[in-house]
Amino acid sequence: MNELKSMTLQELTAALQSMGEPAFRGKQVFTWLHKGIQSYEEMGNVPKSLREKLAQTDPLAAPRVARKQVSRLDGTVKYLWELADGNCVESVLMRYRHGNTVCVSTQVGCRMGCAFCASTIAGKVRDLTPAEILDQVIFTQLDSGETVSNIVLMGIGEPLDNLDAVLRFLELVNHPDGLNIGMRHISLSTCGLVPGIRRLAELELQLTLSVSLHAPDSETRSRIMPVNRAYDVEELFDACHDYFRKTGRRISFEYAMIDGVNDYDWQADLIAQKLRGMPGHVNLIPLNDVAESPWRPSRHLAAFQKRLESHGLTATVRRSLGGDIDASCGQLRRKAMEEAQKGEDSQ
Ligand code: SAH
């Protein structure tokens, strides 16, 4: 199912040629798939016999809008998509002055175990396919009637834990015969899987790498992010410095401010020390309260920001969108799962 949609133009062309089709058919079908057709019947310029053959060999399945919440505050739209196998993932459409951004998921659940994050509570169910990542962008556009100009890989899942699919998704979404979204309009966020960062560096893509730092010292970071026990901050900073040297691209460091955990002056000072030699940007995020977690939002955002700036770093406080619609970090999927659970319990 949807196998053709995960293929690059080259692969799709070869697959169709092996079915006896002329080479130009590849581009035709590629273009249709990326427009978000729900049935091969919609491919008007493709012979009926081929449409029928494709429907039999590789049925198309579009994600279904299982839930949709629109923020009354800022128009942010949160989608819960039901995939062909019944699993659900989230995407968020955010409207900024510089254009619409969609935040997409890369896995069903997550196995990274960050202590403050709702996406990881029930672990990882499975990886998404390239087509399933792409469909979140295509169907957000179709459902909302809005054009998406920027993509952030910051939804449910760890992109570098599903890197092959993510790289293929990037190639697809970037393609001129598809959505044609430029790499400079794409951000990829990782909790710090060092081998993945190193692999990405080799590719020298023009995307923006975001690293979820959340603490500059191993003791604190291991406490809130188990990934740090596999790749500690020292290795992570080394990989980041190498990434910058190789690509020339400034890295953005995500930092969710947690009360009494990572909001001390000495930690701001340590960030500055570790980033020396590299033009880092630190994005301070007011912690979203997750009911299941013991952590609470910090009250020292402004002071922490000032302290970073005093060291010459660029530090911003992330504007929070969709505060009224659970629009962050796996909260909607979690809510739907809990409600389904309650439903079963009461039967
Ligand atoms: N796995 C990737 C991308 C998904 S998470 C990563 O870790 O970067 C997207 C961002 O939201 C990450 O920076 C993550 O640490 C942050 N995040 C998760 N839970 C949060 C919460 N409760 N409050 C604020 N930010 C949170």
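Which residues are the closest to the ligand, and how many surround it? In this predicted model, 19 residues surround the ligand, and the closest are Phe116, Ser189, Ser212, His214 and Asn288. Let's start with the sheet, then follow strand 8 to the ligand.

**The sheet**
- The strands form an open sheet of 10 with mixed pairing, in the order 1-2-3-4-7-8-9-10-11-12.
- Strand 1 (64-70) and strand 12 (314-317) stand at the edges with a single partner strand each, so one side of each has no neighbour in the sheet.
- On average, neighbouring strands of this sheet are turned by 25° against each other, direction ignored.

**Strand 8 and Ser189**
- Strand 8 (residues 186-190) pairs with strand 7 (residues 148-153) in the parallel sense, over three bridges.
- Within strand 8, Ser187 stands opposite Val152.
- Ser189 also lies in strand 8, and this residue counts as buried because its relative accessibility is 11%, under the 20% limit.
- Leaving aside residues up to four places away in sequence, Ser189 touches Leu153, Met154, Glu158, Pro159, Ser210, Ser212 and Glu254.

**Around the ligand**
- Strand 8 and strand 10 (252-257) each supply at least two residues of the shell around the ligand.
- One ligand nitrogen atom is 3.0 Å from a polar backbone atom of Gly157.
- A nitrogen atom of the ligand is also 3.0 Å from an N or O atom in the side chain of Glu158, a residue that Ser189 touches.
- An oxygen atom of the ligand lies 3.5 Å from a backbone N or O atom of Cys191.
- On its own the ligand has 530 Å² of accessible area, and the protein covers 95% of that.

Key: Residues numbered from 1 in each chain as written. Predicted model: local features only at pLDDT ≥ 70, side-chain atom pairs only at ≥ 80, totals over all residues. Heavy atoms only, no water. Pairing = 2+ DSSP bridges. Helix = DSSP H or I, 4+ residues; strand = E, 2+ residues; numbered from the N terminus. Axes fitted to C-alpha atoms, helices over the stretch in contact; angles between N-to-C directions. Buried < 20%, exposed > 50% of the residue type's maximum accessible area, 1.4 Å probe, protein only. Contact = heavy atoms within 4.5 Å. Near = heavy atom within 4 Å. Polar contact = N/O pair within 3.5 Å; in protein donor to acceptor, adjacent residues only side chain to side chain. Areas by Shrake-Rupley, 256 points an atom, 1.4 Å probe, with all protein chains shown as cover.
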